[in-house]
Amino acid sequence: MGSAAPRSASVLLLLLFLLLLRAEQPRGAELTFELPDNAKQCFHEEVEQGVKFSLDYQVITGGHYDVDCYVEDPQGNTIYRETKKQYDSFTYRAEVKGVYQFCFSNEFSTFSHKTVYFDFQVGDEPPILPDMGNRVTALTQRFRGAYWKELDKMADYTQPGGTPATEGLGRLAPS
């Protein structure tokens with residue numbers, strides 16, 4: 001009977017350690033979805049105060065490869081808004097805890113549906129190496145280049161109806 005207390009204390013410490021590990025890990029989601037003409041699609045994520053989140057998106061197929069996008073804080077204030085963008089990135093540190101909403105709109109289009117890819121990340125990703133900070137390295141530059149090359153490949157797919165989706169490929173990578 002005397003060994004039950006040390007065992008439960010060990011289990012409690014293990015659970016606490018696992019919770020701390022989980023709290024330190026960034027979380028996120030990637031999704032590619034169809035956005036019909038004259039439609040809007042919204043997504044929601046709970047974010048703690050002071051935690052950074054980022055949204056990267058790109059229109060892969062459809063029309064002029066553009067959508068409207070906005071992000072609202074839990075009080076309904078618009079903290080980001082862009083219209084008719086092919087791709088963009090937005091990073092923000094949450095000022096208040098709550099559910100943040102980000103929406104993609106194709107309401108301006110009456111005949112062209114879009115395929116939209118997004119990556120939404122919550123939390124600071126720890127550096128791979130200690131003392132790496134925000135320095136740009138050959139590895140990070142190579143990753144960024146590979147990321148944009150993969151997005152270029154996705155833009156090569158054919159739209160419904162057989163129209164090649166290659167318009168604007170030279171504009172995908174940031175300068």
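**Disulfide, sheet and salt bridges in a predicted model**

Good morning. The structure contains one disulfide. Before I go further, please note that this is a predicted model.

Which two residues form the disulfide? The partners are Cys 42 and Cys 103, and their sulfur atoms are 2.0 Å apart. This pair joins distant parts of the chain, since Cys 42 belongs to strand S2 and Cys 103 to strand S7, which covers residues 98-105. In sequence the two cysteines are 61 residues apart. The torsion about the S-S bond of Cys 42 and Cys 103 is about 110°, and the disulfide is therefore right-handed.

Is Cys 103 buried or exposed? With a relative accessibility of 0%, Cys 103 counts as buried. Another cysteine, Cys 69, takes part in no disulfide. For Cys 69, the nearest cysteine sulfur is that of Cys 103, at 8.0 Å. A disulfide requires sulfur atoms within 2.5 Å, so the 8.0 Å between Cys 69 and Cys 103 does not qualify. Cys 69 is also buried, its relative accessible area being 0%.

Let me turn to the sheet. In what order do the strands of the open sheet stand? Four strands form this sheet, in the order S1-S8-S3-S6, with antiparallel pairing. S1 and S6 stand at the edges and have a single partner strand each, so one side of each has no neighbour in the sheet. From one strand to the next, the twist averages 10°. Within the sheet, S3 and S8 pair in the antiparallel sense over eight bridges. As for individual residues, Ser 54 stands opposite Gln 121 in S8.

My last topic is the salt bridges. How many does the structure hold? There are five, and I shall describe some of them.

I begin with Glu 45 and Arg 27, whose side chains meet in a salt bridge with an N to O distance of 3.1 Å. Glu 45 lies in strand S2, residues 40-47, and Arg 27 in strand S1, residues 27-35, so this pair ties together parts that are 18 residues apart in sequence. Both residues count as partly exposed: Glu 45 has a relative accessibility of 25%, and Arg 27 has 38%.

Next come Lys 114 and Asp 66, with their closest N and O atoms 3.0 Å apart. Lys 114 is in strand S8, residues 114-122, while Asp 66 is in the loop between strands S3 and S4, so the salt bridge ties together parts 48 residues apart in sequence. Why does Lys 114 count as buried? Buried means under 20% relative accessible area, and Lys 114 counts as buried because its relative accessibility is 2%. Asp 66 is buried as well, with a relative accessible area of 10%.

Finally, consider Asp 124 and Arg 93, a salt bridge whose closest N and O atoms are 3.5 Å apart. Asp 124 lies in the loop between S8 and helix H2, and Arg 93 lies in strand S6, residues 87-93, so parts that are 31 residues apart in sequence are tied together. Asp 124 is partly exposed at 40% relative accessibility, and Arg 93 is partly exposed at 43%. Which residues are linked in a network of salt bridges? The network consists of Lys 52, Arg 93 and Asp 124.

Thank you for your attention.

Technical notes. Residues numbered from 1 in each chain as written. Predicted model: local features only at pLDDT ≥ 70, side-chain atom pairs only at ≥ 80, totals over all residues. Heavy atoms only, no water. Salt bridge = Lys/Arg side-chain N within 4 Å of Asp/Glu carboxyl O. Buried < 20%, exposed > 50% of the residue type's maximum accessible area, 1.4 Å probe, protein only. Pairing = 2+ DSSP bridges. Axes fitted to C-alpha atoms, helices over the stretch in contact; angles between N-to-C directions.
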